[in-house]
Amino acid sequence: MVIVTTALAQTKNLANSVTSNTSSNVLSPNYNIVEGQNEVLNTNNTFATVKSKAGLVAGLFGASGELTLNHTTQIPANTDYYLKLESDGGTLDGLVGGGLGQLVTGLLNNLLLGDHYFSVTVSGGSNTFTAYTNTKYNETLDKARIVMDKNGKHYMKITPDFQFNSIKLTDYNAGLIGILTAVKSTRIYEGFYYTGNSDCAEMMTYYDSSPGLLSLDLAGLGATGVKSPQFAIDNDTTTASNIGMGVLSVAGSISQSFILPTTTDNTKDIQVMLHMANPALLSVGVAEGVFIEAYNNGVLVSSQQVNSAFLGADLLGLVNQGQKILVRYKPTGSYDEVKVTVKGLANVGIAKTVDVYDVAVVNSHPDVNQTVCTVNGTFNLNTIVPGYSASNTYKYYTYQGVEVTNPTAVKPGSYLVKGVTAAGYCANQYVYITATQTEQYFVTGKSNYSVAQGASLTFTQYTTNLPNVSAANIKIYDINGNVVNGPVSFPQLGTYYYTVKAINNAGTCEVIKRLTVYVYDQATCGFRYEKYHATNTTDWGTVTLLGIPLGAINDRSKAGDGDLSSFATISNIVSLVGIGTTYQDLKFAAPVTGGTPVTIKIGQNFSLTQVIGGITVIGLDASGNPIGNLQSVGDAALLDLLVGDNVFEYTFTPTATNGSQPAYQGVRVLLGSVLGVANNMNVYGAYINRNVPVQDNGSCTIDPNVVVKGAVIPGNTEATLTLNNTAQDVLWGVEDPGLGVATSLSSVLYPYQAVDNNLDTYAVFNTAVSVLNKQTLTAKFKQVARPGDEVRIIIGSQNIGVLNLNLLADFKIQRYMGNAPVGDLLTNQNFSLVDLNVLGLLGSNPSRKAIIISAIDVPFDRVEISHTKLAAVELLGEYTYIYDVAVVPNLEFDNIINTDGSAAKICVSQPLSIEKLDSCTGYIVSFAHKVTTAGVDSYVDIPGSALTIISDQNGIIKYALTETYSSYGDALYLKIQSTRSECTFGDAQYLKVKIAACNMIANPMIRTRLK
């Protein structure tokens, strides 16, 4: 009989015919020694019974039943053949244990009334092979053994090394006194082998142990062996097998083996869900502990010890909390069998046991990679399950192994699903599904508004390309979730945030757009930041155990030196049962007004479990007493995403338990060791920002370029760098882009070199190891960028000869005002790439370009560059370089510059006009000439060429032109240097010009404001 069992064309081949013997026992000539023989030819869970009698004395007049399964075609050599069977006496459970079977059957041999066993003989032509379930069982384990399925049913798995077509089972009853020995039997349900694609066959299991361990469990001295082995493969992650060695000082090992349905190459990972009762197993030597092993044809392919180094902080923390974990291991070659092995040396007192809840083989990369649309941040996972049918039974898990109870409302991410019956899938195997938020739908309309204080605003109309959306389903919401209808008044200065939400008529998909409203005072120039650092770092503390400190702080003073590139390091050693908290106090020289937010810059190699309980902060009063309750840094939504080396800022306002916000004079940063493992964090400093109104008082009051002394650069971990004239600091890190599978392999290298005052140095995005990671680099600016300011990012690559926009598809850019995003998230479709030669920077270099981010009409104080790679495609090679991030004033030459690259014509008879951005912005205008050396362009100032202001009124500055500088020919350029409150701001910008003695009504005006 041939049965096709799955869409993968896996064929289960049953026997074609069956024969059996009849009794020749003279005492009962009509005794039916085999019953129901034809039942083995179907799969309806019925069986044939093969019996045996011991005889009167010493086998005299005994009988042994025989049942032979016949196949019409020869079965190829080395094909796995399965006999599903059960046998009287309960010995099969012991035989599943391999070596344990030797002990069990050996003991049964000593039983006067017992010794029931069977043999299986495989024949093909002149070749024959026999396996026994008595004391000879262990002699043929390389070709035949008893295994178990997910339901706890037993099989004889036979793998002959020759062609065969006959499988005979003989039942024996060798009791010495037959009168006292009951008739025994073995029940055969079916015999079969697979052809075609056998991927969907069920996994089988067995176990084995060192012979020296066998007597422990029988003597009641330790939990030795594997209990309930079927629970490791029963598709239920709430039940588990238990692999145990007890606590005695006996060396050895116990393995539970899992036979895969087919040989698997190493594009698939071994996935094991397990629980370790004793975390001490993680820190034992390399010769003991828990191991995951891959075998092929009985030969070890590779092995991985499940220790602290392999697990990492996330899983290690869960082990110490007594939770089960999901581990994945990629073998170095093809494999057909997986073992979970517990090894022990001759040491007393460590209970060497592990519970195995699930064993599977999963693809290293997603089977389904789908973009989805969400409503309130969730979507129905069933919509992307291949061939989903409501009549099927599915099991859903996160990629971390947590069961999903409501698949109809999950966040985008990575999931494992069992039960998929669509073509090309196996219902008994996991399907790895990754869902990412779609970006094909969007809301169109204005993102940013500038409104004078006291004025009102009516938002413009918004549309969407999302299908099937009625106008009534496009609404504007304020920060409290209220629908906005009609004009909104803004009596107070500040920045306000709104959201446009469009949802389709079916209610299954929505898209949103952030809106920013900047309310300004036309009479002022906004404000500037004045940082006030906490400088007193004297006080600290840690928990002790038996007088021994469990934590320490190195370089405490660096957390209070006012340099946000240097740091103190708080450390906790491996703690006992989670004990261990170390803290650092950071105090200001004078009290801070209540209600003022304080910012702490922190660095740590993050995992989710570290964030959740690891770091807390609290305000301190003038006497050093805590104010209110501890605040967990892990409560910040952003930090749920951090997965690797991250340096970030956390801002909070000290608040008393009654809700008031009193004055404070410091903060305490605490590192908890809730995981029971060693951890540490870096504290760069604490500060407040005082917003000081900017006044044009005739002198520069803005700080000079920032100098940092703790920057990491190649070959130096504490380098001194001068930052560019707009940069204040940098933040960087690695986030999970929402897939739930990110690793901590990659982070941004040398981040301060992206904002230093040297355009030849660079920060590095290590894109080679960033698959499924989101790398971020955030440049913070000294002052708030005004509406109309642009962002310039100079970018390059290690391998790419000519940089173009298509190669920047993995990069995104977001402006922020504090922690709030302003403007749209920008992709390569929103960038402008400019040759550096045009900007007068570093000459013509095709592998290095400037990304220009167009101006918006709201302020911002930082910009985040992110790189997210969801596929293993190196668009920019292994490394992408960020040479510089800076704010540049918006000067629009569009109405002046000639598209053919020729010089713009200016008449000396008329003044040059520049539109003034605001009352505190000015421009120093002069001339320079271009010099090209070795292909690199540079601009040399022409002495005495600065233009004189002849008029500054009505928002327009006019400059007198008196010279033509004709001697410089085509090398003449107009140089414009912007100023803010009398300080130079941004890099000078150059325009190729030709000054002529001509007559015009007016020269074209250089514009700065947004249209």
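This report walks through the disulfides and some of the strands of a predicted model.

## Three disulfides

Let us start with the cysteines. A disulfide is a covalent bond between the sulfur atoms of two cysteines. The structure holds 3 disulfides, and we can take them one by one.

## C200 and C426

C200 is joined to C426, with an S to S distance of 1.9 Å. Where do these two cysteines lie? C200 is in the loop between β14 (184-196) and β15 (204-209), while C426 is in the loop between β27 (414-418) and β28 (431-437), so the disulfide ties together parts that are 226 residues apart in sequence.

Which hand does this disulfide have? The torsion about the S-S bond of C200 and C426 is about -80 degrees, so the disulfide is left-handed. Are its two ends buried or exposed? Buried means under 20% relative accessible area. C200 counts as buried because its relative accessibility is 8%, and C426 counts as buried because its value is 6%.

## C373 and C509

In the disulfide formed by C373 and C509, the sulfur atoms are 1.4 Å apart. The torsion about the S-S bond of C373 and C509 is about 50 degrees, so this disulfide is right-handed. The pair links distant parts of the chain: C373 sits in the loop between β25 (368-372) and β26 (395-398), and C509 sits in the loop between β35 (494-503) and β36 (510-520), 136 residues apart.

The same cut-off of 20% helps again here. C373 has a relative accessibility of 17%, so it counts as buried. C509, at 6%, counts as buried too.

## C907 and C998

C907 and C998 form a disulfide as well, with their sulfur atoms 1.8 Å apart. Here the torsion about the S-S bond is about -115 degrees, so the disulfide is left-handed. This pair also links distant parts of the chain: C907 is in strand β63 (residues 904-907) and C998 is in the segment after β71 (989-996), 91 residues apart. Both cysteines, C907 and C998, are buried.

## A sheet of four strands

Some of the strands named above come together in a sheet. How many strands form it, and in what order? There are 4 strands in this open sheet, in the order β25-β28-β27-β26, and their pairing is mixed. β25 and β26 are the edge strands, each pairing on one side only. From one strand to the next, the twist averages 30 degrees.

Now look at β26 and β27, which run antiparallel and are joined by 4 bridges. One of the residues to find here is Y396, whose bridge partner in β27 is V417. Strand β27 also contains S414. With a relative accessible area of 5%, S414 is buried. The side chain of S414 makes a polar contact of 3.3 Å with the side chain of T434.

In a regular strand the side chains alternate between the two faces of the sheet.

## An enclosed strand

Why is strand β55 (residues 774-785) described as largely enclosed by the rest of the structure? It is because 12 of the 12 residues of β55 are buried.

Which strands does β55 join? Strand β52 (residues 727-735) runs antiparallel to β55, and 8 bridges join the two. Within this pairing, D729 has K780 of β55 as its bridge partner. Strand β61 (residues 860-868) is likewise antiparallel to β55 and joined to it by 8 bridges. Here A779 stands opposite V863 in β61.

How values were computed
Residues are numbered from 1 along each chain as its sequence is written. This is a predicted model: local features need pLDDT of at least 70, side-chain atom pairs count only at pLDDT 80 or more; totals for chains, interfaces and linings use all residues. Side-chain values use heavy atoms; hydrogens and water are left out. A disulfide is a pair of cysteine sulfur atoms within 2.5 Å. Buried means under 20% relative accessible area, exposed over 50%, partly exposed in between (1.4 Å probe, protein chains only). A polar contact is a pair of N or O atoms within 3.5 Å; within protein, one must be able to donate a hydrogen and the other to accept it, and residues adjacent in sequence count only if both atoms are side-chain atoms. Two strands pair if DSSP finds at least two bridges between them. Axes are lines fitted to C-alpha atoms, for helices over the stretch in contact, and angles run from 0 to 180 degrees between N-to-C directions.
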